[in-house]
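Let's take a walk through a protein model and look at how its side chains pair up. Have the structure open as you read.

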Amino acid sequence: MRGMVKLELHLLSDGYFTLDKSLLVYTKYQGQLYEAALKPLLVITEEDKILIDTGVGELPEKHRKFHIIKREPGQGLRAQLQKHDLKLEDIDIVINTHLHFDHCGNNMFLLNAKFYVQGDELRYAYAPDRFQKAAYIREFFDVPIEYVPLHGKYRVTDDIIIIRTPGHSIGHQSVIIRKDERNYVYCGDVAPLRENLEKRNIPGVLYRSDQALKSIDNLRSIKDAVYIYSHDNEQLTLV
């Protein structure tokens, strides 16, 4: 029976990084520091172990003076997977919402996985415009792993769909997971905080503002939705 198909969702923690909150909400909160949560999502199906985003990992030395990463005992991708009796090499599929450094920092350690990313995001990451250059750390994504470049909507399984949601980055994508008659929507940085979605406030880091607002509205239109906000530090579980 379809209702008996295994599908588990586990929100993980790769810790926090401190930033100006205006980077998360356009034209608001300038000068206010915010500890942004780093929250990969582990999806376990009958056949695959799937990870949506991989966190920030360990920053290269030259970037550490710009970003403060904090982790409590038991946080970090490796430790979080161990809580589910998994190792890094057990991950079969990774869906990167985009390739900004705080969403693909552990890609290099998931060598057995196949990586799904929008094709234009992958190309742009290698040669971003100057206003987006600081968001991409080449050492994080230019590693010997298998990327599957997508071009729009893609169905991973019957219950897991990737949809294109550009604006924050050129090739941003979000993920919809159907479980228990609900649609769990991993927003990525379409809505790093709850207020981005609920108040239609676009994020502060942008490739195109008009696309960012359209992507918010596309996610808001999803029925029976449970939204997962990529950096909201008040949403740390799915309950």
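Start with Glu 58 and Arg 71, whose side chains form a salt bridge with N and O 3.1 Å apart. Keep in mind that this is a predicted model. The pair ties together distant parts of the chain, 13 residues apart: Glu 58 is in the loop between strands E5 and E6, while Arg 71 is in the loop between E6 and helix H1. How exposed is each partner? Glu 58 has 57% relative accessibility, so it counts as exposed, the cut-off being over 50%. Arg 71, at 29%, counts as partly exposed. The story doesn't end with two residues, either: Asp 14 joins Glu 58 and Arg 71 in a network of salt bridges.

What's behind this kind of contact? Side chains of opposite charge can pair when their charged atoms come close.

There are 13 salt bridges in the structure, so let's pick out a couple more. Lys 28 pairs with Glu 195, and their closest N and O atoms are 3.2 Å apart. Here the partners are 167 residues apart in the chain: Lys 28 belongs to the loop between E2 and strand E3, and Glu 195 to helix H4. Lys 28 is partly exposed, with a relative accessible area of 28%. Glu 195, on the other hand, has 13% relative accessibility and counts as buried, because the limit for that label is under 20%.

Stay in helix H4 for a moment. The side chains of Glu 198 and Arg 194 meet in a salt bridge too, at 3.5 Å from N to O. Both residues lie in H4, four residues apart, which is about one turn of the helix. Arg 194 counts as partly exposed, at 38% relative accessibility.

Now for the rings. A pair of aromatic rings is described by the distance of the centres and the angle of the planes. Searching the whole structure turns up eight aromatic pairs. In one of them, Phe 17 and Phe 101 have ring centres 6.2 Å apart and planes at 65°, so this pair is edge-to-face. Phe 17 sits in strand E2 and Phe 101 in the loop between strands E7 and E8, 84 residues apart. Phe 17 counts as buried at 4% relative accessibility, and Phe 101 counts as buried at 6%.

Elsewhere, ring pairs link Tyr 124, Phe 131, Tyr 136 and Tyr 207 into a cluster.

One last stop brings charge and ring together: the charged end of Lys 21 sits over the ring of Tyr 29, 4.2 Å from its centre.

Conventions. Residues numbered from 1 in each chain as written. Predicted model: local features only at pLDDT ≥ 70, side-chain atom pairs only at ≥ 80, totals over all residues. Heavy atoms only, no water. Phe/Tyr/Trp six-rings, centres within 6.5 Å; stacked < 30°, edge-to-face > 60°. Helix = DSSP H or I, 4+ residues; strand = E, 2+ residues; numbered from the N terminus. Buried < 20%, exposed > 50% of the residue type's maximum accessible area, 1.4 Å probe, protein only. Lys NZ or Arg CZ within 6 Å of the ring centre and 35° of its normal. Salt bridge = Lys/Arg side-chain N within 4 Å of Asp/Glu carboxyl O.
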